[in-house]
Amino acid sequence: MNGWISVRVAERREEAEGIVGLVLAPLPGASLPPYEPGAHIDLKMPNGMIRQYSLCGQVGDTTVYELGILLETAGRGGSRHVHEQVNVGDMLDISAPRNLFALVPGEPALLFAGGIGITPIIAMADHLARSGTPYALHYCARTHARIAFRERIAHSHAPHHVHYHFDDVPQTRLDMARVLAEADPQAHLYACGPAGFMDFVIGAARAAGWPEARLHVEHFSAPEVQDTGDAFEIEIAGTGQIVPVASGQSAATALAEAGIEVPLSCEQGICGTCLTTVLAGIPDHRDMYLSAAEQAANDCFTPCCSRARTPRLVIEI
Amino acid sequence: MPTKTETFLQNCWYCAGWGTDVGLGSRDLVVRKIAGRSILLYRTPQGALVAMEDRCPHRSAPLSLGRKEGDAVRCMYHGMLFGPDGRCRQVPGMDKIPPGADVPTLAAVEKDGWIWVWLGDPATADPALICEAVGPADPDWVLKTNAIRIETNYRQEIANLADLSHVSWVHGETFGGSDDWSLIRPRHKNLPRGIETRYTVRGVPAPNFAKHLFDPAARFDIDVHVTLTVPCKFIMSFRIKSAGDATSGESNGDLLLDTFTSQAVTPRDDGSIDYYFSWGTSKATWFPGIVELMHATNLDAFLEDKRILEGQRERQLQYPDAPQIDIVHDAGPGRMLWVLDKLLEQEASDHVAETVA
């Protein structure tokens, strides 16, 4: 895929309690690719870990990228590394931006940010404000102290567009039913935040009859494509051929090595090119192509990234 | 800076236009650029089709600037005469024919109203690989034909045809009229040289080009069945029915209009394609004026494609290294381009094997 882009940490600041802001600048003479609001990059840690972070700076600014990184004490160490080790002047490698969370152009927007989920949402809100598209921003946080970008929001957004909801201030509680009922019927809903928050927001919208096409979510770090996982077996229906998939090997790679070719394109579970019928066994779905309901049906999977919950999957080629 | 040159499949049928494009007239020396080669097409006095390289082996003058003489063609630079087998018959002022004075010919077949040429060794040309289509002369159908040229790389045209979600956006003024097309994620079946896709678009309003013909509240189902094969042959049954109540499988509404389109896209070179297409209705569902309306709309719609594809081409050349992300609508394009690349790799390795042997 694409090469890594070397960047220098130009600025490091405390955005809020537990949130570090990094400003990343290209090497002298280089520039950074443009991106759309909602985009994220992969950040490669010096220890080889790769994490996804949303770009939260001013869209259109290709002189620097801005990230907001929450210290996740229960995480696997990526954010801890940034908080403890990364300083101004350090060199980091990042990927080109990718956007799985794009705004639908020109359509009114209801934005919901939970905690660190504000990072893509702030870029989207700024863009909507500048383009004159109707929008409302709902920002949920545990406490006042954990609000990031407070001055930027106050500066760029009229107060009636912005609604803060704090867990420790009950009268600011987010009344989803009312917000949804009062929304423009053409509005699209965008949500980013912790899993529980997303379930709450999206669940409420579905319950209120919002069509899936108007619901857009970003898990606050995009799900990682991992080849790691337990070994399992694939049986080819009809021939009975058994293909072992080793831990650390993708199902598609194992099939190719066994001489069974599956069409591949994005190799990260987004495009659906490799979608393959499953006749028996339960896949461990790791793709972003199938909807939750389609994944639950367990009658197909994306062998480029998905694995198995059962020792064997029987597939149709 | 060297320009990247596209490699094209050789063992493959390319459409060289409609049979009616090549007449019997004295000036009917038709030249088509196909996959980087210029191919001369003409008919012998018996109507047989001849396809040969449009290049005189002497000093490379185009034979299409020449003159038809019986079943032969004369180069109008120095008068060399070539038969339909490509063999040189005469060099004016020279008694003997010098070695190598032949023009390569190509296997050419007429089927379903189209002319097909095989770029590889004529001995290996397999007519079974020509796609199944419905030709304009088919007695069960009322079809009109057309052609356009688009300045794009043919892979982008393949991607366009392998993913019809763009109907909602590119063709909002013609075939589209709602965002329903963009919400469908069809399942594709792999074929040895392409993909086959069936799905039903349910409960949609009339497309914009036909809105005025129906009650605004009328809703329709559309059964779509596409076979897309390399290099880019798009054959589609498109059956319009009154909205039924089936939620899966084919629509159970009443068949209103049974339409069929056959489309063949031929890469001319890296950056342009010729596009030959037909669309129309079955005799059984035809009514006066409908095929003329479809014909005019089809051209309007393909000019909408041309606009977006040529804009895309310009940006892709402008940003050659910029990454392009994938979305859920890329499954069809992903599969088609995967098949194409697999066949190209196969040809490359066969070529290496031949060279080594």
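# Briefing on chains A and B

In chain A, 66% of the contacts with a separation of 6 or more join residues that are 24 or more positions apart. The structure is a predicted model, with an ipTM of 0.72 and a pTM of 0.64. The points below cover chain A as a whole, the contact between the chains, one residue of helix α4 in chain A, and a pair of helices in chain B.

**Chain A overall**

- Chain A contains 18 strands and 7 helices.
- Buried residues make up 38% of the 317 residues of chain A.

**Contact between chains A and B**

- Chain A contributes 16 residues to the contact, and chain B contributes 14 residues.
- On the side of chain A that touches chain B, 10 residues are nonpolar, 5 are polar and 1 is charged.

**Surroundings of A:A177**

- A:A177 lies in helix α4 of chain A, which spans residues 176–181.
- This residue is exposed, because 11 other C-beta atoms lie within 10 Å and the cut-off for an exposed residue is 12 or fewer.
- Leaving aside residues up to four places away in sequence, A:A177 touches A:A204 and A:A208.
- A:A204 is 27 residues away from A:A177 along the chain, and the C-alpha atoms of the two are separated by 7.0 Å.

**Helices α1 and α3 of chain B**

- Two packed helices are described by the distance between their axes and the angle between them.
- For helix α1 (residues 154–161) and helix α3 (residues 290–318) of chain B, the axes come within 11 Å and cross at roughly 135 degrees.
- α1(B) is therefore oblique to α3(B), since the crossing angle falls neither over 145 degrees, where a pair counts as roughly antiparallel, nor in the range of 65 to 115 that counts as roughly perpendicular.
- The crossing of α1(B) and α3(B) is right-handed.
- On the α1(B) side, the contact is made by B:Q156, B:E157 and B:N160, while α3(B) supplies B:D305, B:L309, B:Q312 and B:R313.
- By class, this contact of α1(B) with α3(B) comprises 3 charged, 3 polar and 1 nonpolar residues.

**Confidence in chain B**

- The mean pLDDT of chain B is 93.
- A pLDDT of 70 or more is reached by 97% of the residues of chain B.

Conventions: Residues are numbered from 1 along each chain as its sequence is written. Chains are lettered from A and ligands numbered from 1 in the order in which they are written. This is a predicted model: local features need pLDDT of at least 70, side-chain atom pairs count only at pLDDT 80 or more; totals for chains, interfaces and linings use all residues. Helices (H or I, at least four residues) and strands (E, at least two) are DSSP runs, numbered from the N terminus. A residue is buried if 20 or more other C-beta atoms lie within 10 Å of its own, exposed if 12 or fewer, and partly exposed in between; C-beta atoms are placed from the backbone. Two residues are in contact if their C-beta atoms, placed from the backbone, lie within 7 Å. Ala, Val, Leu, Ile, Met, Phe, Trp, Tyr, Cys and Pro count as nonpolar, Asp, Glu, Lys and Arg as charged, and the others, Gly among them, as polar. Axes are lines fitted to C-alpha atoms, for helices over the stretch in contact, and angles run from 0 to 180 degrees between N-to-C directions. Angles under 35 degrees count as roughly parallel, over 145 as roughly antiparallel, 65 to 115 as roughly perpendicular and the rest as oblique. A crossing is left-handed if the near helix is turned anticlockwise from the far one by less than a right angle, and right-handed if clockwise. pLDDT is the predictor's confidence in each residue, from 0 to 100.
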